[in-house]
Amino acid sequence: MSRRSALNDTAPGIRPAGWVEPFTGESVKDAVQADILNPQPPTPRELDRFRRPFEPGKINVHWAQVSDKIPAADFPYGIRTHKGQTVQTTIEAGRKEGIAEYLQQRGESIYESSKREPLGKSYNRGHELPGVVNEPSFRFGIKQSQGEIGKQVLFPRGQGVDPREVHERYVRTHGDYAPGEPVNRKYAWPVDPVKHRFGYGQEGIGLQAGKGVRDALTMDRDSSGAFPATRVVPREAEDFRRVNNDELGKGRNMMQGKPPVPADFAFGVSTNDSGVTAAECVRGWYPQEEQLPDPDLGACLRVGRRNVTQETRPFGCPSIRNDIPKPRFRSVADTQNYGNEVGASALLNPQRFELAGIPDSDFLRRRPQGDVRDILTCAGYTFDDEQFTDIWERALSLFEDDQPLVSLDALLFVYANDIDEDVAVRCNSLSAPLHGIGSRTRPISAK
C-alpha cells in the first residue's frame, strides 16, 4: 500500500477494500489549469496555414492565399493606356466655319427634314395661325361658367316611370330586368306559368305528394319508413366517437372539461343595435319620387333621334354567323363563330375520349368487318376467327337491315353481354361446392 502514507486513514483497524492506484502527484490545480501548466504542442509550421485562426482582429483568408504577397495600397491594377483624342476634339474636328459652314447649310436646305425639323426648333407642320396666337395672354379653349351639378345630370330627380313598351324594349336590347322580374323567353306554355305549380297536383306521376322530400330528409330509415334497428356497440368505441367527432350544434371537445360558466353564457361581445335594418340600408331613405328611374332610361328624348320603329326584324350583327360561308382556310386570329363550334354544354360535360380526339359519334358510325377488327386489335382486343364471326353476326342482327356494316358500340355491347354471362356462370359454379360444405359442417358443429 504505497498511498497509505499520503492518505488519511480514518479506520486503521479495517482492511481497505478495492484497488488503490499508485499516486502520480496530480492535484486539482493540475486538472483545472491543464492548458496552462501542460500546454499542447504547437501546430507544425508547414501545417499552420491550413488551420483557421480565431485571433481577435485577424482576417481569415484562404489557406492558398496565406503566402501570397499583397501589393501596396496605391498599386494600380490593369494595363496603363496612352491618352488619345477626347470627345470634344473628335466633335470639333468635323465642325466647319465661315464659308464652309455656309455651303454646308445651303446643301442641306434642299432636304424636307431640314425644312420641317430645323435644328433647335419644334416640328413645323406648315400651319398658318392667326397673329393673336402669338400674344402672351392667349389661351386655347373657351372659358365656361358653372353649369348643372354632375350628380343631377347622372341621377336626375322628379322623373316619371317609363311606359311598359319602353321597359320591354330596354329588356330586349340591354337585358335590363327589374328587381325580381323573371326572364320571359316568350315560350308557348300549355299552362299558365304564373299560376301553375310544377310537380304538385299532377296526375299520373305515381308518387305521393311530398314523398321525394320526405325520403331526402329521412334518409336514415328503410323503404317502409321504419327506423333502423338499434345496435349495441362497445362502450369504449362510443366514448371515442363522442370525443373524436364533432357534435352538431356544439363546440369541439378539446378534452379540457366543461368551462366554468353558466348554461346560458355566451362568449364574445354583443353588437350594438342601431335600429337600422339591412333592407333600409339597401333601399335608403329617399322619398318615392326620388327613387323613380330617369326619364331618358330606354328612350331618346332628342327629336329626330328616337329609336322607335315599327319593324319586327332583329337589329345588329348576330354572334353566330350562319348567314355567311365559312372560309376555306381560317386564320388563327379569326375569332368569329360560324356555327360549327361547340357550346357551353360540351365544355362543361366533355366526351369520354375528347382529349384523344375521338368523339362519341365515331363509336356509332357503322364500318365494314375488316375495319372494326383492325380497330379492336389495335385497342388490345384478341379474338379468334370463330369468336369474332359469332359476335359480328349477333351485332349485325341489331340493325335489322341488309347493310354489312356494324358500329363499335353495337359490337362492344354484344361482347360485354358475353362477359357478363361468363362471369355469372363462374360465380354459380364456385358457390355450389360451398353449399355442400356447409351442409356437412352443420351436423359436426351440432355435436
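Two rings of Phe, Tyr or Trp count as a pair if their centres lie within 6.5 Å. The views below rest on this and similar criteria, and the model they show is predicted.

**Figure 1. Ring pairs join five aromatic residues into a cluster.** The members of this cluster are Tyr381, Phe383, Phe388, Trp392 and Tyr415. The structure as a whole holds eleven aromatic pairs. For Tyr381 and Phe383, the ring centres are 6.2 Å apart and the planes meet at 5°, so this pair is stacked. The threshold behind that term is an angle of under 30 degrees between the planes. A pair of aromatic rings is described by both the distance of the centres and the angle of the planes. The two partners fall into separate accessibility classes: Tyr381 is partly exposed, with a relative accessible area of 33%, whereas Phe383 is buried, with a value of 14%.

**Figure 2. Two arginine side chains are placed over phenylalanine rings.** Arg373 lies over the face of Phe388, at 5.0 Å from the ring centre. Phe388 is also one of the residues in the aromatic cluster of the preceding view. In the second case, the charged end of Arg366 sits over the ring of Phe399, and the separation from the ring centre is 4.1 Å.

**Figure 3. Glu238 and Arg241 form a salt bridge within helix 9.** The closest N and O atoms of Glu238 and Arg241 are 2.4 Å apart. Helix 9 spans residues 235–244, and the two residues lie three positions apart in it, which means that about one helical turn separates them. Arg241 is partly exposed, with a relative accessibility of 40%. In the structure, the count of salt bridges comes to 13.

**Figure 4. Asp390 and Arg394 are joined by a salt bridge in helix 14.** The N to O distance between these side chains is 3.2 Å. Both residues belong to helix 14 (residues 385–396), where they are four residues apart, or about one turn of the helix. Each partner is partly exposed: the relative accessibility is 42% for Asp390 and 32% for Arg394.

**Figure 5. Asp422 and Arg426 meet in a salt bridge in helix 15.** Here the distance from N to O is 3.4 Å. Helix 15 covers residues 408–446, and the two partners are four residues apart in it, about one turn of the helix. Asp422 is partly exposed, at 36% relative accessible area, while Arg426 is exposed, at 55%. Elsewhere, salt bridges with shared partners connect Glu238, Arg241 and Arg242 into one network.

**Figure 6. The side chain of Asn337 reaches a backbone nitrogen.** The nitrogen belongs to Gly339, and the contact distance is 2.9 Å. Asn337 is located in the loop between helix 10 (278–283) and helix 11 (344–348). With a relative accessibility of 17%, Asn337 counts as buried, because the limit for that class is under 20%.

**Figure 7. Lys186 and Glu400 have a positive phi although neither is a glycine.** The phi angle of Lys186 is about 60°. Lys186 is part of the loop between helix 7 (164–174) and helix 8 (211–217), and this residue is exposed, with a relative accessible area of 70%. For Glu400, phi is likewise about 60°. Glu400 is found in the loop that lies between helix 14 and strand 2 (406–407). Its relative accessible area is 73%, and Glu400 is therefore exposed.

**Figure 8. Six residues form a nonpolar patch on the surface.** The patch consists of Leu47, Phe50, Ile59, Val61, Trp63 and Val66, which together have about 600 Å² of accessible area. Leu47 is in the loop between helix 2 and helix 3. Val61 is also placed in the loop between helix 2 (34–37) and helix 3 (87–93). Leu47 is partly exposed, with a relative accessible area of 44%. Leu47 and Trp63 are 16 residues apart along the chain, and their C-alpha atoms are separated by 9.9 Å.

Methods. Residues are numbered from 1 along each chain as its sequence is written. This is a predicted model: local features need pLDDT of at least 70, side-chain atom pairs count only at pLDDT 80 or more; totals for chains, interfaces and linings use all residues. Side-chain values use heavy atoms; hydrogens and water are left out. Patches are made of residues with over 30% relative accessible area and no salt bridge: like charges are joined within 9 Å, nonpolar side chains (Val, Leu, Ile, Met, Phe, Trp, Tyr) within 5 Å. Accessible areas come from the Shrake-Rupley method with a 1.4 Å probe; for residues, only the protein chains shown count as cover. A salt bridge is a side-chain nitrogen of Lys or Arg within 4 Å of a carboxyl oxygen of Asp or Glu. Rings of Phe, Tyr and Trp (its six-membered ring) pair if their centres lie within 6.5 Å; planes under 30 degrees apart count as stacked, over 60 as edge-to-face and the rest as tilted. Buried means under 20% relative accessible area, exposed over 50%, partly exposed in between (1.4 Å probe, protein chains only). A charge sits over a ring if NZ of Lys or CZ of Arg is within 6 Å of the ring centre and within 35 degrees of the ring normal. A polar contact is a pair of N or O atoms within 3.5 Å; within protein, one must be able to donate a hydrogen and the other to accept it, and residues adjacent in sequence count only if both atoms are side-chain atoms.
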